[in-house]
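Let's take a walk through this structure together. Have the sequence and the 3D view open side by side as you read.

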Amino acid sequence: MRSVQEEVEKALGRVANHPVNLHCAGRTDAGVHASCQIIHWDTDAVREPANWFHGANANLPADISLCWAKVMPDDFHARFSAMARRYRYVIYNDPVRPAHLAHEVTWNYRPLDLQRMQFAAQALVGEHDFTSYRALACQAKSPIKTIHHLRLQRFGQFIVLDIRANAFLHHMVRNIAGVLMQIGCGERSIEWAGEVLAATDRAKGGLTAPAYGLYLVDVTYPERFELPRRYMGPHFLSALNQPD
């Protein structure tokens, strides 16, 4: 199975005329999307910034695009310099499955009560032990993370979960989305999200939501690095692409 990283490394290698090894701001599961992945690579090749991303895009498949390139100082690292990451999880809430966005969103046919989901989400904001919301195979050294915000909004048939944290555990967002959808459809009480958190036991949690609805949409770095800013995805929801 091909991977995004593999395709980008091959494309950049053609521009650099040597093999390229990428370092990414965040690793994503198969099926997860990224509209703002940040990568870095080391090279002795001298190219104009525009030549890097235009040249790479000419060698990439149509479903992968680089947006910009910039020479960075030696102390920059795409992963370890990051201060926070932000994801959006997109749910298509309608009795009929979406034919055009089948691999871009998660479909939930049951009516979801947005207000119940919003109330439940507040129990997860702040610094907590997220053991109940991490995958059993998660290799993170500590389950303690800080969620800066966790918002849910409805845009027509779409419900968008917007979450920003200092770091995330494996499957953390998908497990949160799974719990909130069970609460939204009335299967569980509003208090259940907090009860799962307090249990610090993955077995007490809900189902892991599908990968398709998840997007990495922003990575925060110290201002001194002066990274370019673009609108956040997913791009098919233009109402979300305003500065925040």
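**A tour starting from Tyr87**

UniProt, in an unreviewed entry, places the feature "binding site" at Tyr87; UniProt positions follow the numbering used here, feature names are shortened, and annotations may be inferred rather than shown by experiment. Before going further, note that this is a predicted model, in which local features need pLDDT of at least 70, side-chain atom pairs count only at pLDDT 80 or more, and totals for chains, interfaces and linings use all residues. Residues are numbered from 1 along each chain as its sequence is written, and side-chain values use heavy atoms, with hydrogens and water left out.

Tyrosine 87 is found in strand S4; helices (H or I, at least four residues) and strands (E, at least two) are DSSP runs, numbered from the N terminus. With a relative accessible area of 8%, tyrosine 87 is buried (buried means under 20% relative accessible area, exposed over 50%, partly exposed in between, with a 1.4 Å probe and protein chains only). Leaving aside neighbours within four places in sequence, tyrosine 87 is in contact (heavy atoms within 4.5 Å) with residues including Leu161, Asp162, Phe168 and Tyr215.

Strand S4 also brings us to helix H3, since S4 (84-93) is one of the elements that the buried residues of H3 pack against, together with S7, strand S8 (158-165), helix H4 (172-184) and helix H5 (192-199). Which residues of H3 (residues 114-121) are buried? They are Leu114, Met117, Ala120 and Ala121. These residues cover an arc of only 130 degrees around the axis, so they sit on the same side of H3; the arc is that of the directions from the helix axis to the C-beta atoms. Gln115 and Phe119, on the other side of H3, are exposed. At the N-terminal end of H3, aspartate 113 acts as a cap, with a side-chain oxygen 3.0 Å from the backbone nitrogen of glutamine 115.

Further along the chain, alanine 137 lies in the loop between strand S6 (126-129) and strand S7 (144-155). Alanine 137 counts as exposed because its relative accessibility is 55%.

Finally, a look at the cysteines. The structure holds 0 disulfides, a disulfide being a pair of cysteine sulfur atoms within 2.5 Å. Why does cysteine 24 form no such bond? Its closest cysteine sulfur, in cysteine 36, is 13 Å away, too far for a bond. For cysteine 138, the closest cysteine sulfur is that of cysteine 24, at 18 Å, again too far. Cysteine 24 is buried at 16% relative accessible area, and cysteine 138 is buried at 14%.

How values were computed:
Polar contact = N/O pair within 3.5 Å; in protein donor to acceptor, adjacent residues only side chain to side chain.
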